[in-house]
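What follows is a guided reading of a predicted model. It moves from charged side-chain pairs to domains and then to the spans that a database record annotates.

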Amino acid sequence: MTASKLLGALFAATILTAPAFAQSYPERQITMVVPFSAGGPTDTVARLVAERMSEDLGQQIVIQNVGGAGGTLGASQVAKAEADGYTVLLHHIGMATSDTLYRNLPYETLDAFEYVGLVTEVPMVVTARQDFEPADFPAFIEYVKANADSLTLANAGIGAASHLCGMLLMQALEAPLVTVPYKGTGPAMTDLLGGQVDIMCDQTTNTTQQIKAGTIKAYAVTTPERLDLFPDLPTAAESGLEAMQFGIWHGIYTPKGTAPEINQRLSESLQKALADEDVAKAMADLGTAPSPAEDATPEALKTKLEEEIARWQPVIEAAGVYAD
Amino acid sequence: MDLLSNLALGFGVASSLANLAFCLIGVLLGTLIGVLPGIGATATIAMLLPITFQLEPVSSLIMLAGIYYGAQYGGSTTAILINMPGESSSAVTAIDGYQMARKGRAGTALATAALGSFFAGSVATFLVAIFAPPLTTIALKFGAAEYFSLMVMGLVMSVALAHGSVLKALAMVVLGLLLGMVGTDVYTGAPRFTMGMNQFADGLNFVAVAVGVFGIAEILRNLEDEHDRQVMTKNITRLFPNREEFRQMVGPVLRGTGIGSVLGILPGGGAILASFASYTIEKKVSKNPGEFGKGALAGVAGPESANNAGAQTSFIPLLTLGIPANPVMALMIGAMIIQGIVPGPNVVTEQPALFWGIIASMWIGNLMLVVLNLPLIGLWVKLLTVPYYVLFPIIMAMCSIGVYSVNSNPYDLFAVAFFGLLGYIMSKLRCEPAPLLLGFVLGPLLEENLRRAMILSRGDPTTFVTRPISATLLLMSLAILVLVFLPQIRKRRDEVFTESDA
Amino acid sequence: MSTKPKDGTDIAAGLLFMAIAAFFAWQGLGLEMGTSIRMGPGYFPMVLSAILFLLGAVILFKAFGRPDDEPIGRFAWRGILFILPAPIFFGLTVRGLGFVPALFFTTLIASQASVRMRPLPALILAIVVTIMSTLIFSYGLGLPFRRFGPWLPL
């Protein structure tokens, strides 16, 4: 970095509030806050798109991992940041669920951010240990309903994708399974592999390799259509579980008050990154796909967030589990 | 033979000139960053991770492995030189390593750590190569009940970490366990002991606690009588161990390697116990256990070997299951995914060049580490001749950066100050920090697995004794307890007798 | 010294452990205990607090009737006064002031803990540490720190 850039940074840091500035945006490094620790699935998604977006924006996007409290620490840091477009947030479905899960959030979810766009929506797969008896999903439903109180359901902690999916599954089947929480996906998956627990419903990111290797059994996916990845797996909706339709969507946000031009510029850049073949391939390896261009827009993300907050509130309240 | 051709494939990949260079750069960078106080292996890897993204997948992972070994060794170096461990494993090294350094034997301690690690690393690499798949099957037999019993064994061993009062050491372990409870309860989401601060929802940061109770407390102790106390012995006699010291090293290194290799395989946190377990055993088999805590060579050689062997074999669950055993391994998985390799059970068969390349590079990384660091020991030891009043402001600056860089959480820095004060007061009261740290690490694992085991057994507590592995571990704990306490009781009786004689 | 020997250090240690145990127990009161079969979040901490309290009491009890072999000695007041605020200062200002000034003052504050450190060497040390760290961490490793933060009136 040169001295002039440094001066530019100083300049930008202090007097940048005027929307007129948006024309020359970006003039310096952008910080993308990922509210989870480095190396996790969300961090991976962030690094994938950040690299391509940097190329398009002509400025480096650096990832800052601000983990903790289910993503709310990172989100609240961005909520409080200057609305100059140099601090952005990449968060997943937790943005919507934490609104209900945390009863003392330091920010108003719908009031503290501007929107850039959706990044990807990772499908979920209902899986069970390798030697689980039922042969297919209809049989699975029967079996789980009949043996609810003797079966165990693993999840990776409160608010995790597997926790959300587990809640949906239990409510859809009206089967109160014995819930076994873990600290993170790693230990939960280990116990599923070892047959210590019976069922887990988690993102393809975490399950694809195990399913392909045959070390765990897959029953259904939660997408509206079957996945190219597993054409033989039915969707949950095919067996009448319409409520079990969801994915772990990721979106990019900016602090409230960020100029619309800036969000638009970031959104364009995001669309280009998502159209990149390498990004698509890397995402395919994870069992997901980039969001289509029409979803990588501020409007689409805003609608999604509002819908999802409304959707999860009753589910979480019915389960009666909170994270604070 | 299959293994030979696989290894040949691996070495073919890893020993290309470019990959050797990346490995060397990785080891060098890892050492240089890891040697900064308060910056442990996790922080080092997180900082250096982005550098590797531009490379080919194999090269990137080879470099990352180099960084990992370098960072680990760098962490041991600060533990020995300034009593500042950056990982739970080097906390054990700090106990005797730092005392050796104070007595002018820093060079010997560092060389012992390097050589012990190299030997352990080499052996463990071959274990990984030969036994990876069958060992995984055993690791999967470990459920919550087994882990609970394993952690109980760790707790029992922790008592041996103390070289003063056993009672106070026990109290420190329990205090550590309590501190480990801070944060959100995994089962109900209830926040515990967070004082209403969401910043502590994920618990106290290990580096903050370790830097506080070890490093900062030590700095404060050294500042007590600045005028009349020499902090470090200046006359450093030798840099390398002599023949006698080499002889002393052999046993601890062999035992440490064995223990570390076995514990590292368990994905649920076995590697954490490796260095603690080794220390306990060395103290137990030593002819003069009184030397421990005052600069025993075996107290460095054993745990360092165990630690490195464990670090190596903890690659097994990563490579064969695709499951990270610790935060460092989680970072490695992230790096792999970004490179388009999703680790899982099929990596071995689908990408043999990658799998065996990494295994070969593990060994090469260890070799480079020793080649690189033996000459550097002279330099590190020279650092001790820097006046202390110049050294400690630098230490404070580095550990502020290091602690902050992990999660960008200012509260972690507040925790550093708090635990510095607590650690200082505790050391004034002659309570040692190592048992506290062990308790802190084991606490969450102990509670989580206990509660999980009870849920899985539907509330039947006999699960711990009816499951064979768990029962064996508990029996072993009992045996250790008897071994540790019997001599204590006998000694106590002797003391009583001597007193009444007088 | 009074007629009966006592170990002052252990008395203090015992009392401190008991106080900490009481604190954790008090803080844990609001947590659900559950049963031994299905333990609540408060169960394990409460058991630990009780054990710690007992251990503290035993340490305290055994301290009487035994001489203190190594008295507590001097406290590093100056060290406490300057070392401990250093990381706190860094935490409070690194976002507002930015990495460079925050680190500079942190080093300067810490350096004051020693009576041997004169003002000019302290200043030089702080400048050197700041420049080196900025080069290594900010430029070299590209850590996402703002070098100069929004509080600066530049």
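Searched as a whole, this predicted model yields 28 salt bridges over all chains. Side chains of opposite charge can pair when their charged atoms come close, and a few of the pairs found here deserve a careful look.

Within chain A, the side chains of Asp56(A) and Lys272(A) meet in a salt bridge, with an N to O distance of 3.1 Å. This pair links distant parts of the chain, since Asp56(A) sits in helix α2 (residues 41-57) of chain A and Lys272(A) in helix α9 (residues 260-275) of chain A, 216 residues apart. Asp56(A) has a relative accessible area of 23% and is therefore partly exposed, because the term buried is kept for values under 20%. Lys272(A), with a relative accessible area of 48%, is likewise classed as partly exposed, because exposed requires a value over 50%.

A further salt bridge joins the side chains of Lys183(A) and Glu448(B), at 3.6 Å from N to O. This pair crosses between chains, running from Lys183(A), in the loop between β6 (178-181) and α7 (185-193) of chain A, to Glu448(B), in helix α19 (residues 433-456) of chain B. How accessible are the two partners, Lys183(A) and Glu448(B)? Lys183(A) is partly exposed, its relative accessible area being 47%, whereas Glu448(B), at 9% relative accessibility, counts as buried.

In chain B, Asp185(B) and Arg192(B) form a salt bridge whose closest N and O atoms are 3.9 Å apart, and both of these residues are buried. The pair belongs to a network of salt bridges that links Asp185(B), Arg192(B), Glu447(B) and Arg451(B).

Returning to chain A, the domain assignment gives domain 1 (16-122 + 248-319) and domain 2 (123-244). The contact between them takes 17 residues from domain 1 of chain A and 17 residues from domain 2 of chain A, while the centres of the two domains, taken over C-alpha atoms, are separated by 28 Å. Ser76(A) offers a local view of this chain: it lies in helix α3 (residues 72-80) of chain A and, at 8% relative accessibility, counts as buried. Once its neighbours within four places in sequence are left aside, Ser76(A) is in contact with Pro106(A) and Tyr107(A). The C-alpha atoms of Ser76(A) and Pro255(A) are separated by 9.6 Å, although the two residues are 179 residues apart along the chain.

Chain C is divided into domain 1 (8-63) and domain 2 (77-140), and the C-alpha centres of these domains lie 38 Å apart. For this chain, an unreviewed UniProt entry places the feature "transmembrane region" at residues 12-31, 43-63 and 122-145. In the model, residues 12-31 of chain C are 80% helix and 0% strand, with their end C-alpha atoms 29 Å apart, and residues 43-63 of chain C are 100% helix and 0% strand, with their end C-alpha atoms 31 Å apart.

What kind of patch do Leu120(C), Leu123(C), Ile124(C) and further residues of chain C form on the surface? The patch is nonpolar, with about 870 Å² of accessible area together, and its members also include Ile127(C), Ile131(C) and Tyr139(C). Ile127(C) is found in helix α6 (residues 119-140) of chain C and is partly exposed, with a relative accessible area of 39%; this residue can therefore enter a patch, because patches are made of residues with over 30% relative accessible area and no salt bridge.

Terms used. Residues numbered from 1 in each chain as written. Chains lettered and ligands numbered in written order. Predicted model: local features only at pLDDT ≥ 70, side-chain atom pairs only at ≥ 80, totals over all residues. Heavy atoms only, no water. Patch = residues over 30% accessible without salt bridge, like charges linked within 9 Å, V, L, I, M, F, W, Y side chains within 5 Å. Areas by Shrake-Rupley, 256 points an atom, 1.4 Å probe, with all protein chains shown as cover. Salt bridge = Lys/Arg side-chain N within 4 Å of Asp/Glu carboxyl O. Helix = DSSP H or I, 4+ residues; strand = E, 2+ residues; numbered from the N terminus. Buried < 20%, exposed > 50% of the residue type's maximum accessible area, 1.4 Å probe, protein only. UniProt positions renumbered as here; feature names shortened; annotations may be inferred. Domains from an automatic or database assignment. Contact = heavy atoms within 4.5 Å.
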